[in-house]
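User: I'm new to this structure and would love a close look at a single part of it, taken slowly. Could you pick the part around one buried lysine and walk me through it, and then show me what else is worth finding elsewhere?

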Amino acid sequence: MITTLLVANRGEIACRIFRTCRELGIATVAVYSDADAGALHVREADTAVRLPGAAPSDTYLRGDLVVAAALAAGADAVHPGYGFLSENAGFARAVQDAGLLWVGPPVKAIELMASKTRAKELMAAAGVPLLAPVDPGSATTADLPLLLKAAAGGGGRGMRIVRDLASLPGELTAASAEAAGAFGDGEVFAEPYVERGRHVEVQVMADGQGTVWALGTRDCSLQRRHQKVVEEAPAPGLDDGLRRHLHDAAVAAAQAVGYRGAGTVEFLVSAEGRPFFLEMNTRLQVEHPVTEAVFGLDLVALQLQVAEGGPLPATAPPEPRGHAVEARLYAEDPARDWQPQTGALLSLDVPEAPGLRLDTGYAGGDTIGVHYDPMIAKVIAHAPTRTEAVRLLARALERARIHGPITNRDLLVRSLRHQDFVAARLDTGFYDRHLTALTATAAPGADSARRLAATAAALAAAGPSPAGSTTGPARFGAWRNLTSQPQTRSYRSDPDGTEYEIAYRTGRDRIPAPETGERVVAVRPGSVSLETGGVTRHFTVTIHGDRTHVDTSSGSYAFTVLPRFTDPAERTEPGSLLAPMPGTVVRLAEGLAPGTAVEAGQPLIWLEAMKMEHRILAPASGTLTALHAAPGLQVEVGALLAVVQDAPADAPAPVSANAPAPDPAPDPANAPVHAPAHQEETTP
């Protein structure tokens with residue numbers, strides 16, 4: 001029996017495993033990096049052991065330190081969670097060699113599935129359908145488009161879509177370099193890229209007595225940067241024959257490697273309904289809650305039971321019921337090429353209701369840092385039908401109070417209500433086609449709704465302060481307005497940047513009233529009610545320094561209070577390249593130095609933040625006049641990295657011998673560039 005379990009992971013998955021342990025009476029041990037010293041998973045564990053350092057390579061990826069932590073804390077078992085060392089056969093072996101129980105599949109099964117190339121050979125021998133590999137050295141235009149993939153690891157690292165044969169050599173080099181940096185293995189293979197394919201997977205659970213369960217299907221087609229965003233179970237729109245075929249193939253895959261525990265067999269299903277094996281993940285998946293909801297199971301509890309040598313409860317799984325949908329809430333800005341966001345998470349409040357579940361590694365007051373994946377939480381909805389589950393999830397996200405960094409919450413709500421998603425027209429190119437529309441800020445009525453929210457913010461700031469408040473009404477400088485004249489407050493809407501100037505008057509009763517004619521129903525500490533067009537709307541207003549968050553029944557808004565005068569420190573030299581987020585400079589363009597000629601759209605600096613690599617591009621053709629970045633330099637958001645002076649209009653375009661070809665559509669804002677979303681799993 002397991003009495004004390006160490007979870008070799010962090011954040012949401014560690015907290016989720018601890019929850020089951022508490023229900024089973026198992027003591028828990030957390031490991032944490034210096035960056036996670038105050039993290040929720042550390043606070044929730046019975047015992048915690050520090051791993052000195054902040055970078056994953058110094059902490060959560062150090063198997064020797066994790067094993068030593070388990071022994072020091074008196075643990076008798078180790079659960080790897082997902083990501084990090086969860087599919088590392090060497091770590092699994094080290095855990096067992098130390099006399100600890102490994103809550104995962106056999107080492108041999110991990111080894112067999114660790115390389116995608118070896119896994120495909122094994123699956124072919126087991127009769128599992130595959131995409132035929134393509135030799136990059138002999139590829140022709142008839143083989144296009146191709147998908148390049150790293151043989152080891154996942155999370156979209158080392159993946160490239162090639163549509164032009166001339167770009168294949170360069171993409172191979174780039175994919176191999178990224179794979180080597182991410183996984184320590186630069187092996188890359190190529191296979192046909194399936195247009196409009198769906199990512200469908202089968203959850204398996206196997207015990208040591210030969211029983212293998214196929215726990216239905218999941219659709220994970222809504223992805224960005226090859227990482228999943230929305231998942232659901234069962235996968236909609238599959239006929240019974242295809243569903244049985246996928247179940248049989250998944251069971252065959254598990255049996256072929258002598259599998260034990262929880263695992264997932266992933267497939268790509270073409271538009272014509274043909275399934276192809278992608279890979280087997282020898283661990284628990286991020287999206288496992290939708291399967292738990294549909295089958296009424298606790299997969300972590302089953303993992304622990306199987307690890308202790310026990311059998312599965314029956315030879316066949318329970319009957320599924322209803323439909324479940326999960327959305328991953330990320331600290332990122334989808335409108336700016338999914339830029340990760342950092343900072344204090346001031347509030348995280350998701351409504352509670354029957355059928356709703358929240359899995360998170362954060363609480364209000366925590367800080368989202370630069371070292372790890374930007375996922376804040378997973379929100380799961382379960383209902384009798386898909387329509388009901390989707391509606392429940394969209395409404396829960398819409399009503400959630402999430403204050404702090406920019407998130408993808410609005411994108412999730414709009415995605416769930418998009419006509420293609422509602423009709424279950426799903427494929428991995430969903431965001432390639434719809435992202436611009438889904439992130440548009442000029443939708444009918446959007447500006448009016450934001451202005452009304454800004455009005456509520458201004459009235460709340462001018463109104464009474466909550467008892468004990470340290471913020472009080474906002475101050476805007478050393479001047480005063482006469483009560484007989486309108487007073488103004490200015491706000492900038494985040495993240496779209498629209499500015500609003502709100503004028504109002506304050507009467508003798510000290511209740512401010514907007515000049516735009518809305519009737520003030522009530523102004524109380526932290527809340528405002530306004531009537532417009534005969535409809536009364538309620539606003540909850542929370543002020544955090546110069547940021548104001550306004551939550552309504554139909555959405556949420558964030559504003560930055562604008563000062564009356566411009567801060568000279570905010571001015572930067574034209575052509576300045578600023579860090580779009582905190583991170584570490586990993587490399588510079590070859591030969592880059594002051595005086596170097598650069599071309600518009602040329603990648604100059606590579607910045608790594610929150611497990612993503614971002615390219616900083618030249619905003620125009622010209623000359624690099626200053627360079628402040630260097631490999632290994634850690635920078636804060638807004639840090640000056642370099643300056644490019646534009647070439648004169650009548651000057652010939654500069655040429656740099658070492659400059660790579662510019663992107664076909666350079667981003668003048670220097671937003672990071674990523675490949676289109678396709679078919680891979682995220683890691684923490």
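Analyst: Here is a walk through the strand that carries this lysine, followed by a few other stops along the chain. Please keep in mind that the model is predicted.

Let's begin with the lysine itself. K378 sits in strand β21, which spans residues 375-383. Is K378 buried or exposed? Its relative accessible area is 0%, so K378 counts as buried, the cut-off for that word being under 20%.

What does the side chain of K378 meet in there? One partner is E12: the two side chains make a polar contact at 2.8 Å. A second partner is a piece of backbone, for the oxygen of V286 lies 2.6 Å from a polar atom of the K378 side chain. Leaving out residues up to four places away in sequence, K378 touches E12, V286, H288, P289, E326, A327, R357, L358 and D359. Two residues in that list, E326 and A327, lead us to the next strand.

That strand is β14, residues 323-330, and β14 is mostly covered: eight of its eight residues are buried. You can follow this on both faces. H323, V325, A327 and L329 are buried on one side, while A324, E326, R328 and Y330 are buried on the other. So A327 and E326, both touched by K378, belong to opposite sides of β14.

How is β14 held among its neighbours? In general, the strands of a sheet pair through backbone hydrogen bonds, in either a parallel or an antiparallel sense. Here β14 and β21 pair in the antiparallel sense, over eight bridges. If you would like a place to start looking, find H323, whose bridge partner in β21 is A383. Strand β11 (residues 227-233) is also joined to β14, by four bridges, and that pair runs antiparallel too. There, A233 stands opposite A324 of β14.

For contrast, travel to the beginning of the chain. Five strands form an open sheet there, in the order β3-β2-β1-β4-β5, and the pairing is parallel. Why do β3 and β5 each have one side without a neighbour in the sheet? β3 (47-51) and β5 (101-102) stand at the edges, and each has a single partner strand, so one side of each is left without a neighbour. Further inside the order, β1 (residues 4-7) and β2 (residues 27-33) pair in the parallel sense over four bridges. Within that pair, L6 stands opposite V29 in β2.

Helix α4 is a good next stop. In α4 (residues 89-97), the buried residues are A89, F91, A92 and V95. They cover an arc of only 165 degrees around the axis, which puts them on the same side of the helix. Those buried residues pack against α3 (63-73), β4 (77-79), β5 and α5 (107-114), and β4 and β5 are strands of the open sheet described above. Both ends of α4 have a detail to look at. At the start, a side-chain oxygen of N88 reaches to within 2.9 Å of the backbone nitrogen of G90. Just after the helix, G99 takes a positive phi of about 85 degrees.

There is also some enclosed space to find: the count comes to six cavities of 30 Å³ or more. The second largest holds about 60 Å³. Its lining is made of W102, V103, G104, R260, G261, A262, Q303, V306 and A307. The elements that give two or more residues to this lining are β12 (261-269) and α10 (299-307), and α10 provides the largest share, three residues.

Finally, a few backbone details in the loops. A cis peptide bond joins L144 and P145, with omega about -5 degrees, and P145 lies in the loop between α6 (116-125) and β6 (146-150). Another cis peptide bond joins D494 and P495, with omega about 5 degrees; P495 is in the loop between β23 (487-494) and β24 (499-506). R196 is not a glycine, yet it has a positive phi of about 55 degrees, and it is found between β8 (188-192) and β9 (198-206). A424, also not a glycine, has a positive phi of about 60 degrees and belongs to the loop between α13 (419-422) and α14 (430-438). With a relative accessible area of 25%, A424 is partly exposed.

How values were computed: Residues are numbered from 1 along each chain as its sequence is written. This is a predicted model: local features need pLDDT of at least 70, side-chain atom pairs count only at pLDDT 80 or more; totals for chains, interfaces and linings use all residues. Side-chain values use heavy atoms; hydrogens and water are left out. Two strands pair if DSSP finds at least two bridges between them. Buried means under 20% relative accessible area, exposed over 50%, partly exposed in between (1.4 Å probe, protein chains only). The arc is that of the directions from the helix axis to the C-beta atoms. Contact means heavy atoms within 4.5 Å. A polar contact is a pair of N or O atoms within 3.5 Å; within protein, one must be able to donate a hydrogen and the other to accept it, and residues adjacent in sequence count only if both atoms are side-chain atoms. On a 1 Å grid over the protein atoms alone, a cavity is a set of points where a 1.4 Å probe fits but cannot get out, and a pocket is an open set with protein on both sides within 12 Å along at least five of seven lines; lining residues have an atom within 4 Å of a point. Grid points are joined across faces, edges and corners, and a volume is the space filled by probe spheres set on the points.
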